[in-house]
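Q: Please take a close look at one enclosed space inside this model. Which parts of the chain surround it, and how are those parts arranged in the rest of the fold?

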Amino acid sequence: MTNWAILGCGKIAGKFANDLLLTEGANLYAVASRDKEKAANFGNTYKAVKSYGSYEEMAQDPDIDIVYIATPHMFHKENTLLCLSNNKAVLCEKAFAMNLEEVEEMIAFAKAKKIFLMEALWTHFLPHYKFVLNKVAGGTLGEIQSLKADFGFNSPFDTTSRLYNKSLGGGSLLDVGIYPVFAALSLLGYTEDIEAKATLGPTGVDHNCSMHLRYTQDVEVQLFSAIDEETPTRCHIILEKGEIIINSRFHEPSSVTLTENGVTETLEFSRPKDVNGYHYEILHCQEMLALRKTESDVMTFSKSKELIMMLDTIRAQIGLSY
């Protein structure tokens with residue numbers, strides 16, 4: 001069994017904890033919040049062995065194998081370094097950190113300590129997304145000609161909400177825009193040839209962001225994110241000999257509509273009952289730990305660095321600084 005701990009007891013942490021309970025070889029050993037009562041309630045809900053009202057105290061628990069960090073982006077570096085310094089492997093929620101400098105510091109520290117660290121970009125491990133990556137890489141549909149991806153939802157403006165709070169790393173880009181950017185990175189690779197524009201609101205964060213990416217093979221890439229507008233949240237890929245649509249919502253377990261040789265079909269991808277889909281990355285982390293790996297062979301350090309570099313480029317263009 002792998003003893004997991006969860007640092008931060010918010011909404012995503014609850015979904016992750018639900019899947020931990022349903023994942024073979026996983027044991028939810030501990031949870032921690034700055035609010036001891038919140039940690040106790042969260043721990044009781046998800047049957048954790050221990051609950052802590054202090055991140056530091058939890059990080060020192062010798063029985064923890066790996067910590068899932070689910071705090072706001074702004075605290076990812078601090079929380080990651082705390083856990084690594086206490087010899088705990090870390091799965092840190094996306095966005096990995098606030099900028100490339102922070103990401104590089106986290107990676108360098110993990111390498112120096114020879115401890116496993118990975119960015120929790122769960123989409124990369126989902127069966128439907130792995131199918132698309134393999135289909136494109138297989139070459140039967142030819143080269144990608146265009147890619148469009150969006151992720152938008154409508155959250156009423158609220159200065160007390162994390163989404164609109166600049167001090168907590170709010171805004172659409174780091175919260176949901178990271179998924180369309182990751183789609184471009186994983187399917188086409190890294191580019192710094194990016195044009196972006198955004199609507200910045202009263203609190204200084206981006207309410208929406210439009211991105212145009214260029215690649216050397218003259219591929220058309222249009223990306224969009226929003227926290228003030230509902231969008232289809234699809235990924236549409238046009239290739240030389242076919243078409244792939246990752247249906248709504250493309251970043252989570254979904255179906256894929258494939259057009260190949262003039263035939264269109266929609267493929268469904270089943271998953272175990274009652275899981276949200278986080279168990280795929282949970283299983284991957286457990287496999288990496290069992291093999292004594294210090295870096296994922298899927299969500300690699302180089303991939304995380306390229307992703308944050310693209311996000312940094314976009315932020316610079318839209319005038320968003322934290």
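A: In this predicted model, helix α9 gives the largest share of the lining of the second largest cavity, namely four residues. The complete lining consists of Ala 95, Phe 96, Glu 119, Ile 178, Ser 304, Leu 307, Ile 308 and Leu 311. By class, six of these residues are nonpolar, one is polar and one is charged. The space that they enclose amounts to about 30 Å³, and the structure holds two cavities of 30 Å³ or more.

The surroundings of α9 include a sheet. This sheet is open and has eight strands with mixed pairing, in the order β8-β9-β10-β7-β11-β12-β13-β14. Strands β8 (194-200) and β14 (263-267) form its edges; each has a single partner strand, so one side of each lacks a neighbour in the sheet. From one strand to the next, the twist averages 10°. Helix α9, spanning residues 301-318, packs on this sheet, where it touches β8 and β9 (206-214), and its direction makes about 55° with that of β8. Elsewhere in the sheet, β7 (residues 144-152) and β11 (residues 235-239) run antiparallel and are joined by five bridges. One pair of bridge partners is Lys 148 and His 236, the latter in β11.

Another lining residue, Glu 119, leads to a second sheet, for its number falls within β6 (117-120). That sheet is open, with six strands in parallel pairing and the order β3-β2-β1-β4-β5-β6. Its edges are β3 (50-52) and β6, each with a single partner strand, so one side of each is left without a neighbour in the sheet. Direction ignored, neighbouring strands are turned by 25° against each other on average. Strand β2 (residues 26-32) pairs with β3 in the parallel sense over three bridges, and Val 31 has Ser 51 in β3 as its bridge partner. Helix α2 (residues 36-45) lies across β1 (2-7), β2 and β3, and runs at about 165° to β2.

Ile 178, also in the lining of the cavity, has a number within α7 (172-188), a helix that supplies at least two residues of the lining of the largest pocket, as does α1 (11-21). The largest pocket has a volume of about 930 Å³. It is lined by 32 residues, and those closest to its centre are Lys 11, Ile 12, Lys 94, Arg 162 and Asp 175. The largest share of this lining, four residues, comes from α1. The pocket lining comprises 14 nonpolar, seven polar and 11 charged residues.

The largest cavity completes the account of the enclosed spaces. About 50 Å³ of space lies within it, and its lining is formed by Leu 126, Pro 127, His 128, Pro 253, Ser 254, Phe 269, Ser 270, Arg 271 and Tyr 280. Of these, five are nonpolar, three polar and one charged.

To return to the part in question, the second largest cavity is bordered by Ser 304, Leu 307, Ile 308 and Leu 311, among others, and α9 provides the largest share of its lining.

Key: Residues numbered from 1 in each chain as written. Predicted model: local features only at pLDDT ≥ 70, side-chain atom pairs only at ≥ 80, totals over all residues. Heavy atoms only, no water. 1 Å grid on protein atoms, 1.4 Å probe; cavity = no way out; pocket = protein on both sides within 12 Å on 5 of 7 lines; lining within 4 Å. Points joined across faces, edges and corners; volume = space filled by probe spheres on them. Nonpolar A, V, L, I, M, F, W, Y, C, P; charged D, E, K, R; others polar. Pairing = 2+ DSSP bridges. Axes fitted to C-alpha atoms, helices over the stretch in contact; angles between N-to-C directions. Contact = heavy atoms within 4.5 Å.
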